[in-house]
Amino acid sequence: MSQAIKLDVNNMMSDIIGARGISWSAVEEITEDLQKAHNAVQGNRGKGMQGWMELPYNQDEILNDIEKSAARIRERFDNFVVLGIGGSALGPAAVHQALCHLHYNELPPEKRGGPRLYIEDNIDPERMAALLDVIDVEKTCFNVITKSGGTAETMSQYLIVLDALKKAVGDKYKEHIIATTSKTKGFLIEIAKREGYETFYIPDGVGGRFSELCPVGLLPAAVCGIDIRGLVAGARAMDERCLTDDISDNPALLEAALMYLTMKWGANISVMMPYSDSLKLMSDWYAQLWAESLGKNTTLTGERVNVGQTPVKTLGVTDQHSQLQLYTEGPYDKVVTFLKVENFRKTTNIPHGVDDIPTIAFLGGKTHNQLIEAERQGTEYALYRAGRMSQTITLDEVNADTIGQLLYFFEMVTAYTGQLLNIDAFNQPGVEESKVASYAVMGFDSEKHSMKREEMKSKPASKDIYIL
Ligand code: PA5
């Protein structure tokens, strides 16, 4: 069994970092809760909103279809544009950054091997205009990804693209659009059927933030030449490690136990700090997973709670020069998770050149590989000295296998932690209010939105004295 990713929680523990760490006895005290959480997560495998746990096993045919479609797209198009938001964009972006060249779009076509990739996850009015300035729609394939099929951001982008395509290629616009959506629900599937778009399906039991390992993430990845079978195999390897309820063998269960205890003790912030540019967007993906899944106000048994842990996205070493001061000396409210890469895909030598100035000379003859890890160790040590909790997830190398493992690891940690907190980790009711209110402002014609428009009038009027 592949174990190319490793979790090291030494610096979470009180016998290593002192009083503000977690004692092993505290972990032992929740053994029964951990077993219950494990049984609940495993017992619901494939059921309800836990369809994502089957994705490592049930996609053989879909992988073939995706590969065939990706080969056609690579042959025909210069650009591949993902229109999607939240779980429909963050995974594809994170995986692309991890597994493709860091300046992929700027590479010449023969080195890139596939179309340029653009992931349009916002509706800043300047953004679509900017995209249309740099792509030729005649040479572009648009992948509209939305599980609900009704997300205003994505569907408004679709309308803009549809119009641009019709103007540019007439009736052939249908060949430029691929829909990735629910087979059974929503409006995009209706549109896709009517128009005859090529379509991939998001299984019913797979929510947006758990969807990277289905066609949502796999099609854009395959289009960019990523080994999607490797991703899925990585997820499978991690799933196999998570089959036991023994926390000394199941890294996701151990991690969930520790994160749950940190939350109980008031660590309200989870800092994700990859020491690798290729893993930078993994923090964005994690932030959505952790925040939207665990930030809840009601337990499964109806008690009012306000739980969750605020994810913070950082990058090593860049943020050592920005946020580390706060982490070492500010409030004791954070857990820092380092993502460490054991073997980078490149070695960058630092040449000699200024041998007479000791503060610079010591760098000569070393590598950036050594320097980035030395700085990670330095940060880890500084946190240890300050009695702050940190942990390290080491990837042997950044490749399809380890990225598949990492994604699935965090999904399992989230599912377990949701169980420990006794909340529904798979819904997002708190997002609804903002959606309804914004549609009401946009003049959506329905009873619900008319009522919301009325309700919004009862908010106290803004006072001039508070506006400068
Ligand atoms: O995790 C989720 O379910 C959400 O963040 C969704 O991914 C996001 O709201 C986009 O939804 P949809 O895919 O329906 O357009």
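**Stop 1: a small enclosed space**

Start by selecting helix α16, which gives the lining of the largest cavity its largest share, 3 residues. Keep in mind as you go that this is a predicted model. Now add strand β11, residues 334-341: both β11 and α16 supply at least two residues of this lining. To see the whole wall, select Tyr275, Lys340, Val341, Phe344, Ile372, Glu373 and Arg376. What is the volume of the space they line? The largest cavity holds about 40 Å³. A search of the whole structure for cavities of 30 Å³ or more finds 1. Try colouring the lining by class: you should get 4 nonpolar residues, 3 charged ones and no polar ones.

**Stop 2: the second largest pocket**

Leave Phe344 selected, since this residue lines the largest cavity and will come up again here. The second largest pocket contains about 640 Å³ of space. Its lining has 18 residues, and the closest to the centre are Leu102, Phe344, Arg345, Lys346 and Thr348. Helix α16 is back too: residues 368-385 form this helix, and it contributes the largest share of the lining, 5 residues. Colour by class once more, and the lining of this pocket splits into 8 nonpolar, 6 polar and 4 charged residues.

**Stop 3: the largest pocket**

Next, select Ser148, Gly150, Thr151, Lys435 and Tyr439. Of the 47 residues that line the largest pocket, these lie nearest its centre. The space here comes to about 1,500 Å³. Which elements each supply at least two residues of the lining? Select them one at a time:

- helices α7 (125-134) and α8 (152-169), together with strand β4 (140-146);
- helices α13 (280-294), α18 (429-441) and α19 (447-456).

When you colour this lining by class, look for 17 nonpolar, 20 polar and 10 charged residues.

**Stop 4: α5 beside α13**

Keep α13 on screen, as this helix helps to line the largest pocket, and add helix α5, residues 90-99. The axes of α5 and α13 come within 8 Å and cross at roughly 155 degrees. Angles over 145 degrees count as roughly antiparallel, so α5 is roughly antiparallel to α13. Turn the view until you can look through one helix at the other: their crossing is left-handed. On the α5 side, the contact is made by Leu90, Gly91, Ala93, Ala94 and Gln97. On the α13 side, show Lys280, Leu281, Met282, Asp284, Trp285 and Gln288. Together the residues of this contact divide into 6 nonpolar, 3 polar and 2 charged.

**Stop 5: α10 and α11**

Now select helix α10 (residues 215-223) and helix α11 (residues 228-241), whose axes are 9 Å apart and at an angle of about 140 degrees. Why is this pair called oblique? Roughly antiparallel needs an angle over 145 degrees, and roughly perpendicular covers 65 to 115, so at about 140 degrees α10 is oblique to α11. Show the side chains of Leu218, Ala221 and Ala222 in α10, which meet Ile228, Leu231 and Val232 in α11. By class, this contact has 6 nonpolar residues, with no polar and no charged ones.

**Stop 6: α12 and α17**

For another helix pair, select α12 (residues 251-264) and α17 (residues 400-420). They pack at an angle of about 50 degrees, with 8 Å between their axes, and are therefore oblique to each other. This crossing is right-handed. From α12, pick out Pro251, Ala252, Leu253, Glu255, Ala256, Ala257, Tyr260 and Met263. They make the contact with Phe409, Met412, Val413, Tyr416, Thr417 and Leu420 of α17. Colour these by class and you will find 12 nonpolar residues, 1 polar and 1 charged.

**Stop 7: two backbone details**

Follow the chain into the loop between α17 and α18, where Asn422 sits. Its phi is near 60 degrees, a positive value in a residue other than glycine. For the last selection, go to the loop between β10 (310-313) and α14 (324-329), where you will find Val317. What kind of peptide bond joins Gly316 and Val317? The bond is cis, with omega at about 0 degrees.

Methods:
Residues numbered from 1 in each chain as written. Predicted model: local features only at pLDDT ≥ 70, side-chain atom pairs only at ≥ 80, totals over all residues. Heavy atoms only, no water. 1 Å grid on protein atoms, 1.4 Å probe; cavity = no way out; pocket = protein on both sides within 12 Å on 5 of 7 lines; lining within 4 Å. Points joined across faces, edges and corners; volume = space filled by probe spheres on them. Helix = DSSP H or I, 4+ residues; strand = E, 2+ residues; numbered from the N terminus. Nonpolar A, V, L, I, M, F, W, Y, C, P; charged D, E, K, R; others polar. Axes fitted to C-alpha atoms, helices over the stretch in contact; angles between N-to-C directions. Parallel < 35°, antiparallel > 145°, perpendicular 65-115°, else oblique. Left-handed = near helix turned anticlockwise from the far one by under 90°. Contact = heavy atoms within 4.5 Å.
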